[in-house]
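Please examine the structure shown below with its sequence at hand. The account that follows begins with a single residue and then moves through the rest of the model.

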Amino acid sequence: MTQNQPSSVISKAPGTIVQVAVPLPIRRATPLIYDYHLPDGLMAEIGMIVEVPLGKRFVWGIIMDMTPSGDVVMDKLKPIHSWADLPPLTPSHISFLRHVSDWTMAPFGMVMRMMLSTPKAHNKPKPTTFYHSSDAADEGDVKLTPKRARILSFLAQGHHMTANDLAAETATSPAIIKTMAKQGLIAQSATSIEADLRYHDIAHEDLNLVSLSSEQQAIADGLSSHLEQGYSAHLLDGVTGSGKTEVYFDLVARMMARKKQILILLPEIALTSQWQTRFEARFGQKPLIWHSSVSEANRRDYWRACIRGEPVIVVGARSALFLPFTDLGLIIVDEEHEQAFKQEDMVIYQARDMAVMRAHIEQVPVILATATPSLESWVNAGQGSDDAKSRYHHWRLTTRVGHAQMPDITMIDLKRDKPPAGRWLSQSLLSDITRTLEAGEQTLLYLNRRGYAPLSICEACGTKAKCQACDSWLVTHRLSGSRQCHHCGYRQPLKNQCDECGTQDQMRAYGPGVERLAEEVGTLFPEARICIFSSDTAARPEVAREMIRAITENEVDIIIGTQMAAKGHHFPHLTLVGIVDADFGLQGGDLRAAERTYQMLSQAAGRAGREALKGRALLQSYEPDNAVFTALANGDRDAFLDLEIQMRQSAFMPPFGRLASIILSGVNEGEVESEALKLAKHRPAYKNVMILGPTPAPISRLRDRYRMRFLIKAPRDVHIQQILREWVESCRLASQIYMQIDIDPYSFM
Ligand code: ADP
Ligand code: ZN
């Protein structure tokens, strides 16, 4: 690696020691910092991104502080190896990293690594070679072929071009051009060019703008009075199809007029393609899309544009929150209630919460948009509890746009209207599908289970097909001819033989997945055009886009889909939504089961009747009187939230109490157990802090590692991180044991 010497920071600064935070995953209260000395000629700044030797490697870190060398013998320190050709990170960036690290208890180095996730961005892009005509060229006696002559006469017009572009313009080839440059017939020069990613002004008259309804306009105006007024947080709360997106687009437009950076977080990449089309229609340009599978070259360009403070709009999954914006004006979190905002590995964080934190640090407004607020945001908006202090402004959109009405929701009692064995659709639902087909309208059957069947049992010996690496069943996928573990991704070819007893043709599938449901629907409605919409069938964005197009244009009669089909889409011909197993999410009963079920089902039901046609949703359930369903059927979301609040409040559960989990894992079962017991011996004794465990985690083995879990529960005013920190630092665990701390867990596996 070569050293950069950006001219702006060169100066003689002898005898300075710099303290550099390094990206080691060591958990401690403060960043892990090592001393280095400055190479001659580098003037350091706090926040500068530098590459330093660490053991045998070089790693990227951040200069956190600087001190004069005093009596330190400089030879003992290693020098900084290279540094980024960029402005330093700002105090806000560093403060954000510290806050995330303090809150999540993840090592500062790991949090820092999320921000420095694009090392290629630290240096200018490689220079690009351009060809142009040469003054000194002496064609002499060289005989020009027609191609060479074309190139010369084209360049003589004053063009500057890459070999590829030039070859395309002149119908020649890059090889000829490069040879000509070598022979001195044409000149070449190399320059680094940075992509220009700035958004441009929108000419409103060119765009097909909707005019906001008076309700929407009032909210847009109210929200905009907070722009450029420092930090403020807003819950934009409106039923699906009420125009929340239009409202926040209006705010984006106002922020664009101020040339500020804008960040929009969406829960899933899968949702971005439709969203992007809409954005382009509204603004006549593309936003920068950020997620893990964006090309390296784009990541580099986007990252650099952010830290240089250029006016860009970034739309991304949660990791976009760690981009080094330096001129941020607004953060929007769409579908704020979505669980996908919680990152479950490495640094375990809730991106929505951290977005609010970042907005606070950057002193900018943050808008959380949703049709079904998370309980946390609901309480923060001052709703439903006595001690509520409203930290968020609450804006409500109450009606669907135009003629669209909310769908009617009806329960089907599966105890009375039971499908025959091996079938999943009740008579009532079937009759409604028939009516919908006859009317030429669409049905969505929602079942949040990928594949054909969640469980296979050998009829001969009773063995269940299980994952080799996890404590979980293998799911049969007929379309791809495999059995898969949905936890670790393990897959084996689908065979009809038992792994245990070897008996042939006795493996029997239990329970439905979308593929099996499609089989049933195909048998009952042989004329219907059916499509399965799940992350298996619509894995690739172009396939998903085509599927969405076909549905939108009414080329499909019955969609059988998982949550992927139920979120965010706008299908004009869809009038019936059948929820095949409404009880599914309520089983297992973790903290947020009811909340999640409510959100998911109202999302799914909300797909019906989004335009002039009235929609309806039928929910199949064995406990149709459950409060979740009653609230859904009555369209009384606020009553549901209030009831849920009462339950959480009386149990001192989040957000009225604090919860954390510690999971220890390792490959040796006995060792994980004994280390967990060791940690248990050091458990702190506070009267108001309850520590449950260690017990085997509900998924006691995952990816070949055994897992033991503690759950920690404390009142809201307890600094739970402080207590956990003292606890885990008091006890040294074997190095093969991995400890994962999850503050405010969403997953209880
Ligand atoms: P939400 O985000 O609340 O689900 P959207 O913003 O997606 O709602 O709006 C639903 C549909 O109604 C979209 O097709 C949108 O273009 C349209 N729409 C929203 N507001 C208006 C308006 N004021 N006039 C006309 N169409 C609108
Ligand atoms: Zn597995």
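Pro694 belongs to strand 27. In this predicted model, the peptide bond that leads from Gly693 into Pro694 is cis, with an omega near 10°. A second cis peptide bond is found between Pro654 and Pro655, where omega is about 5°. Pro655 is not placed in a strand but in the loop that runs between helix 18 (637–650) and strand 26 (657–666). Most peptide bonds are trans, and most residues other than glycine have a negative phi. The second of these tendencies provides the background for Glu335, which is not a glycine and yet has a positive phi of about 55°. Glu335 sits in the loop between strand 12 (328–334) and helix 10 (351–362).

Strand 27 also leads into the description of a sheet. An open sheet of 4 strands, with antiparallel pairing, follows the order 27-28-26-29. Its edges are formed by strand 27 (690–702) and strand 29 (738–743), each of which pairs on one side only. On average, and with direction ignored, neighbouring strands of this sheet are turned by 20° against each other. Strand 27 and strand 28 (residues 705–715) run antiparallel and are joined by 7 bridges. Within this region, Leu692 has Leu711 of strand 28 standing opposite.

Another open sheet is made of 3 strands in the order 18-19-20, and here too the pairing is antiparallel. Why do strand 18 and strand 20 each have one side without a neighbour in the sheet? Strand 18 (475–477) and strand 20 (491–493) stand at the edges and have a single partner strand each, so one side of each remains without a neighbour. From one strand to the next, the twist of this sheet averages 25°. Strand 19 (residues 482–484) runs antiparallel to strand 20, and 3 bridges join the two. Arg483 has Gln492, in strand 20, as its bridge partner.

Attention now turns to the ligand. Which residues come nearest to ligand 1? They are Gln216, Gly241, Lys244, Thr245 and Arg278, out of 15 residues around the ligand. The shell is made up of 4 nonpolar, 8 polar and 3 charged residues. Helix 7 (residues 244–257) contributes the largest share of this shell, with 3 residues.

Several polar atoms of the protein can be placed with respect to ligand 1. A polar side-chain atom of Gln216 lies 2.8 Å from a nitrogen atom of the ligand. Ser211 takes part through its backbone, where an N or O atom is 2.9 Å from a nitrogen atom of ligand 1. For Ser242, a polar backbone atom lies 3.2 Å from an oxygen atom of ligand 1. On its own, ligand 1 has 550 Å² of accessible area, of which the protein covers 76%.

The view may finally be widened to the whole chain. The protein chain contains 20 helices and 29 strands. Its radius of gyration is 30 Å, close to the 27 Å that the globule rule gives for 749 residues, so the chain is as compact as a globular protein of that length. Taken along the principal axes, the box filled by the C-alpha atoms of the protein chain is roughly 95 × 70 × 65 Å.

Note on methods:
Residues numbered from 1 in each chain as written. Chains lettered and ligands numbered in written order. Predicted model: local features only at pLDDT ≥ 70, side-chain atom pairs only at ≥ 80, totals over all residues. Heavy atoms only, no water. Near = heavy atom within 4 Å. Polar contact = N/O pair within 3.5 Å; in protein donor to acceptor, adjacent residues only side chain to side chain. Areas by Shrake-Rupley, 256 points an atom, 1.4 Å probe, with all protein chains shown as cover. Nonpolar A, V, L, I, M, F, W, Y, C, P; charged D, E, K, R; others polar. Pairing = 2+ DSSP bridges. Axes fitted to C-alpha atoms, helices over the stretch in contact; angles between N-to-C directions. Rg over C-alpha atoms; globule rule 2.2 N^0.38 Å.
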